[in-house]
Amino acid sequence: MNLTKKLSIIVFSVTITLASTAVITNTYNTAAQAVELVRNGSFELDPLVDPNNPNVPNPNVTDWIKSGDPIDTSGIRINNFPQYESGNQGLSIGSFVNPAYISQNLATTIGSNYNLSFFLGTDEDSSQVDNIFQAFVDGNKVFDKINTINVAGSPFTQYDLNFLATKSSTELKLGGRASYGFLYLDNVSVEPLSVPEPSSIGGIAIAGLLGIWLKKKKTISLKE
């Protein structure tokens, strides 16, 4: 096989490999940019019983399952106090004896990493504060915050943490209690962590293939 023919094969192989890499990478990026895993994470699907009176509870929280003692779960309700500039509603957790929770099962990929994000606030102040908020992923406690106090006028704080999925269906459970007021929850989100862009993977492929081509070219030159 002459040098020209070998070079043509190498160039063709580089083209095919890069095209395949782009297709595979775009598949991964599509997965990484998939639709939000949490359903009704902004708590906008259930209308307020009385928009002019946030003290009238709406016990329905679509897509979420409540758990805890009835007296505590009765304090979980939709409110008109959303995280700033984000929808019109949020979730109040008004249990004051024991923690009450909401949960849902998420479709996850085993071995993949995910980011859990949520906004948490409370109306308790420094004069009377006794609250706790917890997050569980498949029964494992991944967040446990006690006596959180938020600055007046900026009641919500964003929290982010990552977890590794070990099952194809992962339970997310969030909740707590506030003895002298309410906890406020909004914009719960779970998204897959990003993967390398096509350009970076393509660059790695090009570098590897060029190295092989140069090595073969040097071998041919020595034989000639």
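The legends below describe an overview and several close-up views of a predicted model.

Local features are reported at pLDDT of at least 70 and side-chain atom pairs only at pLDDT 80 or more, whereas totals for chains, interfaces and linings use all residues. Residues are numbered from 1 along each chain as its sequence is written, and side-chain values use heavy atoms, with hydrogens and water left out.

**Figure 1. Overview of the protein, with 3 helices and 10 strands.** Helices (H or I, at least four residues) and strands (E, at least two) are DSSP runs numbered from the N terminus. The order of elements from the N terminus is α-β-α-β-β-β-β-β-β-β-β-β-α. Of the 224 residues, 38% are buried (buried is under 20% relative accessible area, exposed over 50%, partly exposed in between; 1.4 Å probe, protein chains only). The accessible surface is about 12,500 Å², and carbon and sulfur atoms contribute 57% of it (Shrake-Rupley method, 1.4 Å probe; for residues, only the protein chains shown count as cover). Among contacts with a separation of 6 or more, 75% are between residues 24 or more positions apart (contact: heavy atoms within 4.5 Å).

**Figure 2. The largest nonpolar core, with 32 residues.** A nonpolar core is a set of buried Ala, Val, Leu, Ile, Met, Phe, Trp, Tyr and Cys residues joined through side-chain atoms within 4.5 Å. Phe118, Leu172 and Val188 have the most contacts inside this core. Strands that each supply at least two core residues include β2 (76-79), β4 (100-107), β8 (157-164) and β10 (183-192). Beyond its neighbours within four places in sequence, Val188 contacts Glu36, Val38, Gly41, Phe43, Trp64, Leu116, Ser117, Phe118, Leu172 and Leu174.

**Figure 3. Aromatic pair of Phe118 and Phe143.** The whole structure contains 11 aromatic pairs (rings of Phe, Tyr and Trp, the last by its six-membered ring, with centres within 6.5 Å; planes under 30 degrees apart are stacked, over 60 edge-to-face, the rest tilted). The rings of Phe118 and Phe143 are edge-to-face, at 5.3 Å centre to centre and 90 degrees between the planes. Phe118 belongs to strand β5 (residues 113-122) and Phe143 to strand β7 (residues 140-146), so the pair ties together parts 25 residues apart in sequence. Both Phe118 and Phe143 are buried. Elsewhere, Phe81, Phe156, Phe182 and Tyr184 form one aromatic cluster.

**Figure 4. Lys173 over the rings of Tyr101 and Phe136.** The charged end of Lys173 is 4.8 Å from the ring centre of Tyr101, and Lys173 also lies over the face of Phe136, 4.9 Å from that ring centre. A charge sits over a ring if NZ of Lys or CZ of Arg is within 6 Å of the ring centre and within 35 degrees of the ring normal. Lys173 is in strand β9 and is partly exposed, with 23% relative accessibility. Outside its neighbours within four places in sequence, Lys173 contacts Ser67, Tyr101, Ile102, Ser103, Gln134, Ala135 and Phe136. The C-alpha atoms of Lys173 and Asp138 are 8.1 Å apart, with the two positions 35 residues apart in sequence numbering.

**Figure 5. Polar side-chain contacts of Gln83 and Asn131.** A polar contact is a pair of N or O atoms within 3.5 Å; within protein, one must be able to donate a hydrogen and the other to accept it, and residues adjacent in sequence count only if both atoms are side-chain atoms. Gln83, in the loop between β2 and β3, is buried at 14% relative accessible area. The side chain of Gln83 makes a polar contact of 2.9 Å with the side chain of Asn187. Asn131 lies in strand β6 and is buried at 0% relative accessibility. The side chains of Asn131 and Glu124 are in polar contact at 2.8 Å. With neighbours within four places in sequence set aside, the residues in contact with Asn131 include Thr122, Lys145, Arg177 and Leu183.

**Figure 6. Positive phi at Asn40 and Asp138.** Most residues other than glycine have a negative phi. Asn40 has a positive phi of about 55 degrees. This residue, Asn40, is in the loop between α1 (3-32) and β1 (65-67) and is buried at 9% relative accessibility. Asp138 has a positive phi near 55 degrees. Asp138 is placed in the loop between β6 and β7 and is partly exposed at 26% relative accessibility.
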